[in-house]
Structures are given as structure tokens and as C-alpha cells.
Amino acid sequence: MSFTWNLPTIAFFLIALAILGCAIMMLSFRKVVYMALSIGGVFIGCSAIYFLLGAEFIGIAQVAIYAGAITILILFAIMLTNHEAMEPPTHWNLRNVGAAVGAILLAATLFFTIRSVSWPAEQAVDVNQGNSNAVAVGLAIFKQYTVPFELVSLLLIVALVGAVILAQERKEDE
């Protein structure tokens with residue numbers, strides 16, 4: 001497989017670097033509000049990858065659900081729980097340096113391993129069977145995955161009710 005630098009490849013690497021930057025910022029920030037905003041950047045970057053791959057519906061759903069709703073929900077949860085960041089600042093010690101070096105070595109190993117694999121040539125396969133992305137996703141959800149879709153929605157409702165109950169118990173203790 002030849003590796004050529006064209007516009008989609010350059011865009012992919014730029015978006016991937018932005019996602020990695022947001023992920024590193026999320027892990028390094030001490031204030032949870034900044035963490036929530038950083039993970040919003042990760043979600044937006046992932047939606048850009050979907051757009052780059054030609055899955056516009058999934059990209060829009062990623063922006064609407066994760067970047068919009070989930071990030072806002074996290075920010076509301078942070079504001080309602082009155083979270084205070086009182087952790088000491090991070091100092092570089094031998095353990096942190098070792099973890100950083102290990103992460104870089106792992107990334108380099110993965111990069112060279114992926115580059116050394118001979119990937120099969122692209123084949124024109126119409127996985128949507130002539131439908132647009134949104135229609136294909138809708139058909140798959142309501143024909144093949146109806147029960148898992150409903151179970152996930154039930155799980156989200158239970159998690160939301162549980163979060164409200166936990167927040168109320170904490171306020172009653174104060």
C-alpha cells in the first residue's frame with residue numbers, strides 16, 4: 001500500500017492531532033469544567049473524522065448527541081454538584097516521565113505496525129444497499145437492533161434518575 005500525502009490524509013492527521021491535544025488537555029486539567037470542555041473538543045474532532053470518512057449522518061449525530069447534549073449534561077452535573085477542584089498541581093516525577101515515554105513508544109509501535117501491514121485494496125461495496133446514510137441507520141435500528149436500542153434508552157433513563165437521586169441525597173446531608 002502506497003502512502004500519499006493528499007488533502008484528506010493531511011486533514012486526518014491534523015484532526016487526529018487536535019483530538020490527541022484535547023485528550024491530553026482533558027487529562028492534565030485539574031478543574032472539571034475545563035475537562036468537560038476538552039472532552040467536547042474530542043467529540044467534535046471525532047465527528048470531523050466521521051465527516052471525513054463520508055458518514056455525514058453519524059457526524060451530525062456525534063455533534064448533536066455527544067458534543068452538544070453530553071457535554072452540556074456534564075457541565076450541568078458539575079454545576080449542580082458544587083464540585084471544587086482542590087487537588088495539588090502536578091509535578092513531573094520519574095513515574096510520570098516513564099508513563100509519557102511508554103505512551104510515546106506505544107504510539108510509535110502502533111504507527112509502524114499499522115504502516116507495515118499490507119491492507120487489501122479498496123472494493124466498491126454498497127453497504128447501505130442504495131439508501132442514504134440516515135435511511136440505512138434508521139432501517140438498521142428499527143429492523144435489526146430494536147431491542148438493544150430500547151435497552152440503551154432505558155439504561156440512559158436509569159442513569160439519569162440515579163444521578164438525580166444521588167445529587168438530592170448529597171444536598172440533604174449538607
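## A guided tour of the helices

Begin with the record: for "transmembrane region", an unreviewed UniProt entry lists residues 6-25, 32-53, 59-80, 92-114 and 147-167. Keep in mind throughout that what you have open is a predicted model.

**The listed segments.** Select residues 32-53, where the chain is 100% helix and 0% strand, and where the C-alpha atoms at the two ends stand 32 Å apart. Then move to residues 92-114, where the chain is 91% helix, again with 0% strand, and where the end C-alpha atoms are 31 Å apart.

**A patch on the surface.** Next, colour Trp5, Ile10, Leu14, Leu17, Leu20 and Ile24, which form a nonpolar patch on the surface with about 670 Å² of accessible area together. Pick out Leu14, one of these residues, which you will find in helix 1, the run of residues 7-28. Is Leu14 buried or exposed? Its relative accessibility is 54%, and because exposed means over 50%, Leu14 counts as exposed.

**Phe12 and its contacts.** Stay in helix 1 and select Phe12, which also lies there. With 39% relative accessibility, Phe12 counts as partly exposed. Which residues does Phe12 touch, once its neighbours within four places in sequence are left aside? Display Ile49 and Leu52, since these are the residues in contact with Phe12 on that basis. If you would like to try the distance tool, use the C-alpha atoms of Phe12 and Ala107, which are 95 residues apart along the chain and separated by 16 Å.

**Ser38 in helix 2.** Now go to Ser38, which is found in helix 2, made up of residues 32-53. At 4% relative accessibility, Ser38 counts as buried, because buried means under 20%. Show Cys22, Met25, Met26 and Phe29 alongside Ser38, for these are its contacts when neighbours within four places in sequence are set aside.

**The cysteines.** How many disulfides does the model contain? The count comes to zero, where a disulfide would need a pair of cysteine sulfur atoms within 2.5 Å. Cys22, which you have just displayed beside Ser38, is in no disulfide, and the nearest cysteine sulfur, that of Cys46, is 9.8 Å away. Seen from the other end, Cys46 is likewise in no disulfide, with the sulfur of Cys22 as its nearest cysteine sulfur at 9.8 Å. To finish, look at the surroundings of each residue in turn: Cys22 counts as buried at 15% relative accessibility, whereas Cys46, at 27%, counts as partly exposed.

Methods. Residues numbered from 1 in each chain as written. Predicted model: local features only at pLDDT ≥ 70, side-chain atom pairs only at ≥ 80, totals over all residues. Heavy atoms only, no water. UniProt positions renumbered as here; feature names shortened; annotations may be inferred. Helix = DSSP H or I, 4+ residues; strand = E, 2+ residues; numbered from the N terminus. Buried < 20%, exposed > 50% of the residue type's maximum accessible area, 1.4 Å probe, protein only. Patch = residues over 30% accessible without salt bridge, like charges linked within 9 Å, V, L, I, M, F, W, Y side chains within 5 Å. Areas by Shrake-Rupley, 256 points an atom, 1.4 Å probe, with all protein chains shown as cover. Salt bridge = Lys/Arg side-chain N within 4 Å of Asp/Glu carboxyl O. Contact = heavy atoms within 4.5 Å.
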